[in-house]
Amino acid sequence: MSRNIYIDNTNVEKALDFFLSKLSLKRKTEKISVLDSLGRVLSKSIFAQTSSPNYSASAMDGIFLWAEKTYTATETSPVFLKAEDDFIYLNTGNPIDYSKGNSVIMIEDVIPQENGTIKLIKSAKPWQNIRPIGEDIVQGEMILKENHIIRPHDLGALISSMIKEIEVIKKPRVAIIPTGDEIVDIFKEEFRENSIIDSNSYVFYNLLKEWGAEPIILPKVSDNLDLIATSINAASKKYDCVLISAGSSAGSKDYTKSAIETFGEVFIHGVALKPGKPTILGACNHTPVIGIPGYPVSAFMAMETFLKPIINFLTSMKPEESFIHGQLSKTIVSSLKHKELIRVALHFIDDKLLVTPLSRGAGITMSLVKADGILEVPQNIEGISQGEMVKVKLLKPLSEIKDYLISIGSHDIIMDLISDKIKLTSTHVGSFGGILAVKTGKTHLAPIHILDEDKGTYNIEIIKKYFPNNEVAIIKGIRRTQGIIVEKNNPLNITSLKDLTKSNIYFFNRQRGAGTRILLDHLLKKENISPKEINGYEREGNTHLEVAMAIKTGIANCGLGIQESAHITNLDFIPLKEEEYDFLVLKSKLQDPKIQEFINFLKSEFFNIKITSLPGYSLKNPGEVILIHD
């Protein structure tokens, strides 16, 4: 036994730090059915095994036909079509047969005529009102990150992508040992006069359940040193943590300290916490053992202060808050007919909370998965203007949201890989969108890859144009190969940009402002090819994977994108140019701990090994900071 000292008064923070430093806490994992996963914490990231939807489907009730048959339709010169010969009727969700058409017209725009014919007074566009494969979830896409807590709407995304079993952090098993001759458990024995009802054990039990642990209340132990020591020793071999209720002070029948020391060690006895001073922190058989004071308020304070951090670590869970106020970053337009619940992302920039609306589509499950909160727009309100303060119901712990590094700009698959290891959230709006976000103070950094046509260099020249005062810097990122993504085995024998002008080839483009779109326009100009010569030039996707899935599902034959997107979707790839994908940041932000963590990660051996193992990627001085000068 150690020297018996009458209750110390150790600083709470120092006591906790010292206690944790003496423990060898390790998270355990287990595999469970997705159906049993609600509230569980993922031990590793989950990637979709199939796309959702997994077939092309009609987005609404209407008719299916070739859009070309409607091109001449106007109010003064309507088009008349006959059922079965010219079109077929479809309901929402019906599969699409691309051999019979390429467009769905909603039933409200169809004017029935006699003898099974219809009248159309407005032309249709190819692919309108058709849900492509992977519109919601793309095969190979990261659905949920490591340490994510499973919510009901996450189950929809997991099941839709054919995930049946997941690996989660195992709930720590915590033993609660009630002690004392005077206590009575009224659920297990008759109440006695002059006894104390044991309510603490049940408070502990439910606190632990709320925190994500798996508690058990062991049989009560009388005020006997040997019995208490034996119970602690046995429990410490079987459970992940042991609590001893009562007996932690220095009275004649307070045996907890000595009982722990019989088979283990006491690190702290007495802390500067009121109430909660007689708390004991120790270990037995490498298992944390905590002596909890008997008074209910003291017990609660001790649990919150010393046990909760251990459970939070073992479960990888954090405390939550309910509501928060932030500034709306983009105007929301809403209908007067409904109360609308808007899924939002929350970004902390310079201690200012920005609330950004996410996709509002009813079929987009991932918008719920990605949401940080819900913003309610009441009925009879047409919308909320940019800059207004709004109240948000939190779906994630506020502490988690505050820790995130915000990235807004160009899309690349590596952003998912980085966000799996550091606290980063990224929004894909293209390189120019990223530049604007940095300029307006809405992001910490912006991934960009913009080619200067005159000098043939990336990023530097465009930054000088938009930031003439040299207030920004570049963090070097990766080099990646851009090229033409084509169907497997390249059945149309596409070998160059010139082939994109063939009448039987349909292209799928990136959105305006995307670096890939800028690169395409530059290459077309060099080849003296007009965008008007390319079928599908105006069709846009927001990510490389979206372009690849359009090709995979037959909506297009080809598109410009990175090699890794072709690899993920099992398509072929024709390399065209290696480009530099870097990160724009204000010079004033370079010393921000989040930015420093990001730079260090880019320089890490893990990042080097991970990136160089991916097809179409290479590295040259990742993490190097380049200050922009005239």
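# Why the contacts are named as they are

Reader: Why is R131 called partly exposed?

Author: In this predicted model, R131 has a relative accessibility of 24%; since buried means under 20% and exposed means over 50%, R131 counts as partly exposed. E135 is at 35% relative accessibility, and by the same reasoning it counts as partly exposed.

Reader: What makes R131 and E135 a salt bridge?

Author: The closest N and O atoms of R131 and E135 are 2.4 Å apart, and the rule asks for a side-chain nitrogen of Lys or Arg within 4 Å of a carboxyl oxygen of Asp or Glu, so the pair is called a salt bridge. A search of the whole structure for such pairs finds 28 salt bridges.

Reader: How do you know that K220 and E189 form a salt bridge, and which parts does the pair tie together?

Author: For K220 and E189 the closest N and O atoms are 3.5 Å apart, which lies within the 4 Å that the rule allows, and the pair is therefore a salt bridge. K220 belongs to the loop between β16 (214–217) and α4, whereas E189 belongs to the loop between β14 (183–184) and β15 (196–197), so the pair ties together parts that are 31 residues apart in sequence. With a relative accessibility of 35%, K220 counts as partly exposed, and E189, at 28%, counts as partly exposed too.

Reader: What makes D403 and K423 a salt bridge, and where in the chain do the two residues lie?

Author: The N to O distance between the side chains of D403 and K423 is 3.1 Å, and since the limit is 4 Å, they meet in a salt bridge. D403 is in the loop between α8 (398–402) and β28 (405–409), and K423 is in the loop between α9 (414–419) and β29 (424–428), so parts that are 20 residues apart in sequence are tied together by this pair. D403 has a relative accessible area of 36% and K423 is at 31% relative accessibility; both values fall between the limits of 20% and 50%, so D403 and K423 are each partly exposed. Salt bridges that share partners also join K476, R479, E578, E580 and D582 into one network.

Reader: How many aromatic pairs are there by this rule, and why is the pair of F19 and F267 called tilted?

Author: The count comes to 10 aromatic pairs. Between F19 and F267 the distance is 6.3 Å centre to centre and the angle between the planes is 50°; centres must lie within 6.5 Å, and an angle that is neither under 30 degrees nor over 60 is classed as tilted, so this pair is tilted. The pair links distant parts of the chain, with F19 in helix α1 and F267 in strand β18, 248 residues apart. F19 has a relative accessible area of 0% and F267 has one of 16%; since buried means under 20%, F19 and F267 are both buried.

Reader: Why is the pair of Y98 and W127 called edge-to-face?

Author: The planes of Y98 and W127 are 65° apart, with the centres at 5.4 Å, and because an angle over 60 degrees counts as edge-to-face, this pair takes that name. Y98 lies in the loop between β6 (88–90) and β7 (103–106), and W127 in the loop between β9 (117–120) and β10 (130–131), so the pair ties together parts that are 29 residues apart in sequence. Y98 is partly exposed at a relative accessible area of 21%, and W127 is partly exposed at 21%.

Reader: What makes R27 lie over the face of F313?

Author: R27 is 4.2 Å from the ring centre of F313, where the distance limit is 6 Å. The charged end of K391 likewise sits over the ring of F323, 4.5 Å from its centre.

Reader: Which residues have the most contacts inside the largest nonpolar core, and which element gives the largest share of this core?

Author: The largest nonpolar core has 31 residues, and those with the most contacts inside it are L208, L243, I290, I292, M303, F306 and L307. Its largest share, eight residues, comes from α6. Leaving aside neighbours within four places in sequence, F306 is in contact with V12, A15, L16, V271, L273, T279, L281 and I290. A second, separate core of 25 residues includes L424, Y581, L602 and I611.

Definitions and conventions:
Residues are numbered from 1 along each chain as its sequence is written. This is a predicted model: local features need pLDDT of at least 70, side-chain atom pairs count only at pLDDT 80 or more; totals for chains, interfaces and linings use all residues. Side-chain values use heavy atoms; hydrogens and water are left out. A nonpolar core is a set of buried Ala, Val, Leu, Ile, Met, Phe, Trp, Tyr and Cys residues joined through side-chain atoms within 4.5 Å. Buried means under 20% relative accessible area, exposed over 50%, partly exposed in between (1.4 Å probe, protein chains only). Helices (H or I, at least four residues) and strands (E, at least two) are DSSP runs, numbered from the N terminus. Contact means heavy atoms within 4.5 Å. Rings of Phe, Tyr and Trp (its six-membered ring) pair if their centres lie within 6.5 Å; planes under 30 degrees apart count as stacked, over 60 as edge-to-face and the rest as tilted. A charge sits over a ring if NZ of Lys or CZ of Arg is within 6 Å of the ring centre and within 35 degrees of the ring normal.
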